Number of protein chains: 2
Amino acid sequence: MAEAVDYRALIADDMAHVEALMREVVPGQSRALTEAIHHVLDSGGKRLRPTLTLLVCASYGTARAEQVWSLAAAVEMLHTATLVHDDLIDESLLRRGMPTINAMWSPGATVLTGDFLFARAAELAANTDNIRVITSFAQTLTVIVNGEIEQMFKGRGAWPSLEEYYARINAKTGVLFGMATGSAAILSGADDDAVRGLTEFGRHFGMAFQIVDDVLDIVGTAEQLGKPAGQDVAMGLVTLPVIHFARYHPDHPGLVALRNGERLNGESVAGLVSAIRESEAVRDALGDARRLVSDGADNLRFLPNGPHRRALEYLSELIVNRKF
Amino acid sequence: MAEAVDYRALIADDMAHVEALMREVVPGQSRALTEAIHHVLDSGGKRLRPTLTLLVCASYGTARAEQVWSLAAAVEMLHTATLVHDDLIDESLLRRGMPTINAMWSPGATVLTGDFLFARAAELAANTDNIRVITSFAQTLTVIVNGEIEQMFKGRGAWPSLEEYYARINAKTGVLFGMATGSAAILSGADDDAVRGLTEFGRHFGMAFQIVDDVLDIVGTAEQLGKPAGQDVAMGLVTLPVIHFARYHPDHPGLVALRNGERLNGESVAGLVSAIRESEAVRDALGDARRLVSDGADNLRFLPNGPHRRALEYLSELIVNRKF
């Protein structure tokens, strides 16, 4: 076990700058828009992506502070933009226990709020003043959106192979975490091997984070999740714990319905969720997440030894043991 | 009158490269998405923005071809992305006589298609390899989206002053045309005065283009427009010909209804449209567009004399005399 590190304290000053950048208002910015953006930014995101960016940069200690803050803010704004559009697409009314933009505004206003966040994220990325980082930012957005489109066209009843599941969570979560850490290495002037290694660290971290998210959707309480449990299953989304469960109980009626592309009612969702909870599937999925994050963390060897690297090691364990 | 120039022939080879870049497929790109994008790109856009970029760059003859193509493609992709989201927001089913993505796909798939086009546009902008251009690209997107949000929150019954009208068409159309020409000057290594001047040329050109668009919505036939006439009025949007008409006939019942934020029925729209057609308002608005574009074209003095500059002079007259 890695030693507990107060990673927030290590980067508190930098994070304050990142928060300020994300909240910056452009000339003539609509007041309602500003309020909506602050509402989204205030609704309790963990700021994991910028935390990784700041810790990698602080570990090297070579990048210019303004560039680092811009990168960290760009990554979190991009993430926030995708959340706003996702909530519209999934018709979600709650996120982290707070009403979504989608719940408060028309679809048109929600689309434009997401677009505005994309635009601001692109401005922040441009402010890193580094073409390689900007290119990586744009490519990452392409991969994320393409992954979502692919998922949408597959629709209900498409049973993913493990490989397809990993490809999906890579596009959904892995690549942006990988960009957060890889671009931090680029700004720090790291060599190509280190950039590749730290990209892999972030990508593995992100995928493990997503697996834990998928597990929490099964084992979490509505209070912990800020939304009802079993949402993925209810939407017909087959995640890793479900894939593992299918190996143990291939004929579970909820599973059969899912495989046939049927829409599960509340009772069927609850039945399937509790069956998965009682199986070994959750343990299996968490084991996969631990292996992923531990494989990725090998790449932390590229970083100078010190408190920031130890914080990243600690965080790697923390995210697979988190309860929310 | 400027001499007629076959401007398309001057840049045909470059434009073929630009078209190819816009249609480039990323690894793993969903096939349905590719078809949708080709459908949008094929539906008869005039490619005015990349035409201006290519003519400015060809006039200087100093920028690297790959950078120029990337810029031209980035500008048109950004424009295309905004159209896809606009059609969703306005619930438009037809554009240029062809079904919109919105008419063919779910709102979610339409949002993601627009997002994908934004991402690809950002990648193309990054490929210009020029931080100033990339920054200008991102700032332009911010201004466009902020303008749309402002417009949305104003809603029906908000009667714009002339200044507000111009601010709206500047955000909607002016800034992207300005970016298309200003960034072309940047890539060509022009000095700051020339960059400013050519940005102003594009911005004025774009605003004049938008005024003519607004006029055509009143005077055009459904066949010319690819959609019914009077759409702006039907949506409660007050454009320049309407503002001029209000000076002549402040008490026209259609106008009063518009001012009160009422939704006009088909008959009222047709009545107002035909009253505006018979008034001097159309001539006034076109006069404003001519003055704008002519003011802007003064800045073409920054370009070396030659066929490309003459083509830009010719285009400036063409767009205020166009019928579709």
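Start by selecting helix H5 of chain A, residues 65-89, and then step just past its end to A:Glu91, where phi is positive, near 55°. Helices here are DSSP runs of H or I with at least four residues, strands are runs of E with at least two, and both are numbered from the N terminus. What you are looking at is a predicted model, in which local features need pLDDT of at least 70, side-chain atom pairs count only at pLDDT 80 or more, and totals for chains, interfaces and linings use all residues. Residues are numbered from 1 along each chain as its sequence is written, while chains are lettered from A and ligands numbered from 1 in the order in which they are written.

**Along H5**

Stay on H5(A) and find its two end C-alpha atoms. How far apart are they? They are 36 Å apart, which agrees with the 36 Å that its 25 residues should span at 1.5 Å a residue. (The expected span is 1.5 Å times one less than the number of residues.) Now show the surroundings: H5(A) is mostly covered, with 21 of its 25 residues buried. A residue is called buried if 20 or more other C-beta atoms lie within 10 Å of its own, exposed if 12 or fewer, and partly exposed in between, with C-beta atoms placed from the backbone.

Hop over to chain B and select B:Glu91, in the loop between helix H5 (65-89) and strand E1 (94-95). B:Glu91 has a positive phi of about 55°, although it is not a glycine. Is B:Glu91 buried, exposed or partly exposed? It is partly exposed, with 13 other C-beta atoms within 10 Å.

Back in chain A, pick A:Arg47, in the loop between H3 and helix H4 (48-60). A:Arg47 also has a positive phi of about 55° without being a glycine. This arginine is buried, with 21 other C-beta atoms within 10 Å.

**The whole of chain A**

Zoom out until chain A fills the view. Its secondary structure comes to 17 helices and 2 strands. The radius of gyration of chain A is 20 Å, close to the 20 Å that the globule rule gives for 324 residues, so the chain is as compact as a globular protein of that length. (The radius is taken over C-alpha atoms, and the rule is 2.2 Å times the number of residues to the power 0.38.) Along its principal axes, the C-alpha trace spans about 55 × 45 × 30 Å. Colour by burial and you will find that buried residues make up 53% of the 324 residues in chain A.

**Two glycines**

Next, select A:Gly202 in helix H10 (residues 192-219). A:Gly202 counts as buried, with 30 C-beta neighbours inside 10 Å. Leaving aside neighbours within four places in sequence, its contacts include A:Leu52, A:Phe177 and A:Thr181. (Two residues are in contact if their C-beta atoms, placed from the backbone, lie within 7 Å.) Add A:Ser316 to the selection: A:Gly202 and A:Ser316 are 114 residues apart in sequence and 9.8 Å apart in space, C-alpha to C-alpha.

Now try A:Gly296, found in helix H16 (residues 281-297) of chain A. With 26 C-beta neighbours inside 10 Å, A:Gly296 counts as buried. Among its contacts beyond four places in sequence are A:Phe201, A:His204 and A:Phe205.

**H10 and the core in chain B**

Switch to helix H10 of chain B, residues 192-219, which has 28 residues and reaches 40 Å from its first C-alpha to its last. H10(B) is mostly covered, as 22 of its 28 residues are buried. Then select B:Ala208, one of the residues that touch the most other members of the largest nonpolar core, a set of 212 residues. (A nonpolar core is a set of buried Ala, Val, Leu, Ile, Met, Phe, Trp, Tyr and Cys residues joined through C-beta atoms within 7 Å.) Leaving aside neighbours within four places in sequence, B:Ala208 is in contact with B:Ala289, B:Leu292, B:Val293, B:Ile319 and B:Val320.

**Where the chains meet**

Finish by showing both chains. The contact takes 37 residues from chain A and 37 residues from chain B. Which helix gives the largest share of the side of chain A that touches chain B? H8(A) does, with 14 residues.
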